[in-house]
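Biologist: I'd like to go through this one with you and ask how each label was earned. Can you put it up on the screen?

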Amino acid sequence: MSVIQVPRPSKNAMNPDRPVNALLLAQVEHLQHAERRLPLRYRSEIYTHAIKTEGEAAVYIREVTEAIHKAHADAAALRAKRARRPKKEFEIAAAAERPSPKRSSRANKDSSAAARRKK
Amino acid sequence: MPTGLDSLEHIVVLMMENRSFDHMLGSLTDVNPQIDGITDQLSNPDTTGSPVKPQPLAEFQGQLDPDPDHHFPAVDLQIFGGDTTPNRVANMQGFVKSYFNQRRDVGHSQKIMYHFKQADLPVLTTLALQFAVFNRWFASIPGPTICNRAFAHYGTSFGRVDMNPFDVIEPFKSIYSRLINATPKHTSKVYYYDTTSSTMEVVNLLQNEPQLFGTYQQFLSDCAKGLLPDYSFVEPNYNDHETDSGEEVASDQHPDHDVQAGELLIAEVYMALKNSPLWPNTALLVVYDEHGGIYDHVVPPACAKDKFSAPANSTGTGVEFDFDRLGVRVPAILISPWIPKGTVVNRVFDHASIPATVTKFFLGDYSQVSPREMNADIFIEPQGQAVDPARNLLSLSTMRTDCPEFNV
């Protein structure tokens, strides 16, 4: 079978100044809904009510989509960092609980002596 | 004898935007009379009462301005012709009247009946003629994009017929969650075009499970390397934007985006799979989310009610909707080298068929689905059990070597 030619879109197809359509406005609204739950440092400074063109919507869509990804990635990185830390803390704590053989016999002697003095 | 179904390991869905079956594939009735498209008997009255016939005069861009209304009340008018009485009968006679409401221009309103010629859409029409075209694939609800796409992800729109954010209501999980949390675990991905196009499933999937997402470039790479997940959902580019590598023209075919850009996308996705080592093991469904307010002649059938209802004050018609009627017909094509050329499918499907099919194929019995999904037909039979040959679309026992090729 011969290869079928696929015509390319016209050069005028691209128009970021096209008035934003209802679907993109809905997508912006959904992203704004998600953006409100992001910590402040991830939020855009875009006033969505001022979005009138497809190009303006595109800027907002990209910014918030990437912010959502970044917020999750940062949380995952922090989670991984915290997952490493408690083991170390537990080991230190456990070591403090376990008296060393030398210290423990001396500690026992001291505490016994202290107990006898109290009596 | 084994068939192509026994080789299937990957399902890919590409969901485009806002074009009806008659608008895109209606011309194919002349090529294959089994395809239920445009005939001379079809018409819609305009606001003067004159019948307006479908004509092959659709243009790639600039014609359907304003964007035809496809919200619930407008689609109700399109389907019922303006009849709002309790025992009304659907007649598909309200499309021109509906479009007239937007610009109050009789001549312009008639353009809602225009359709493409076969030669205008070499990709979509070739795929429809070469693989399996569905005569009866309908939007899940007679309404807009967000809730129709919800049916493709969740098997329900949780009672919504509008474009507002919605909450997922347990126990109806997304098809992606079902797969990745199954035992044994399966793989799944939503490929959006890029972060500037993003996804239409923001509030639940992107916000809560961003790891599910990849980009279109990753999809192409995964195809080439044979790394596709079990189930992939591909979204087109929803907006015109600039990138570091140049202009990205919207490819979703939503009016008023250039239809040819969407043809190119469909061809690219098809060729990426055809050239992939996974081609023998993959089925691709190309489908549209809803009809975009554009004419189609087939009356959407009634269907099983969903668990949810849309209250009267949310439908815009003043009447409650029980999700017991499907939306307008849309183009849907199943592609695989194991499908006989010229297959035409007449069973009824809607977007709930997507999670229904994928779930049954990969997970088998799974009960936590909506009533709509439970009652939706499936387009790929599960493996490992007796298969009804009449239902198996991947029926060839020898893989085709004559599949079409596009220059992308």
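**Strands, contacts and cores**

Modeller: Here's a good place to begin: strand S1 (residues 4–5) of chain A and S13(B) pair in the parallel sense over two bridges. Bear in mind that this is a predicted model.

Biologist: What makes S1 of chain A and S13(B) a pair?

Modeller: Pairing takes at least two bridges between the strands. S1 of chain A and S13(B) have two bridges, so they count as paired. Within that, Ile4(A) sits opposite Phe406(B).

Biologist: And which elements of chain B give two or more residues to the side that touches chain A?

Modeller: Overall, 38 residues of chain B are in contact with 35 of chain A. The elements giving two or more residues are H5 (122–130), H6 (145–154), H8 (202–208), H10 (259–274) and S13 (406–407), each in chain B. H10(B) supplies the largest share, five residues. By class, that side has 18 nonpolar, 12 polar and eight charged residues.

Biologist: Why is H5(B) called mostly covered?

Modeller: Buried means 20 or more other C-beta atoms within 10 Å of the residue's own. Eight of the nine residues in H5(B) are buried, so the label fits. Among them are Val123(B), Leu124(B), Thr125(B) and Gln130(B).

Biologist: What are the strand partners of S11(B)?

Modeller: S4 (residues 132–134) of chain B pairs with S11(B) in the antiparallel sense over two bridges, and four bridges join S10 (residues 282–288) of chain B to S11(B), also antiparallel. Leu334(B) in S11(B) stands opposite Ala132(B), and Leu334(B) is also the bridge partner of Leu285(B).

Biologist: Which way do the residues of S11(B) point?

Modeller: Ala332(B) and Leu334(B) point one way, Ile333(B) and Ile335(B) the other, and all are buried. That fits the general rule: in a regular strand, side chains alternate between the two faces of the sheet.

Biologist: How do you know that Leu334(B) touches Phe379(B)?

Modeller: Contact requires C-beta atoms within 7 Å. Phe379(B) is listed among the residues Leu334(B) touches, so that pair meets the cut-off. Others on the list include Phe131(B), Ala283(B), Ile339(B) and Leu393(B).

Biologist: Which residues touch the most other members of the largest nonpolar core?

Modeller: Val13(B), Leu14(B), Ile333(B) and Leu334(B), out of 124 residues. H10(B) gives the most to this core, nine residues. Apart from it lies another core of eight residues, including Val96(B), Tyr99(B), Ile112(B) and Tyr295(B).

Technical notes. Residues numbered from 1 in each chain as written. Chains lettered and ligands numbered in written order. Predicted model: local features only at pLDDT ≥ 70, side-chain atom pairs only at ≥ 80, totals over all residues. Contact = placed C-beta atoms within 7 Å. Nonpolar A, V, L, I, M, F, W, Y, C, P; charged D, E, K, R; others polar. Buried ≥ 20, exposed ≤ 12 C-beta atoms within 10 Å, placed from the backbone. Core = buried A, V, L, I, M, F, W, Y, C linked by C-beta atoms within 7 Å. Lists of a residue's contacts leave out its neighbours within four places in sequence.
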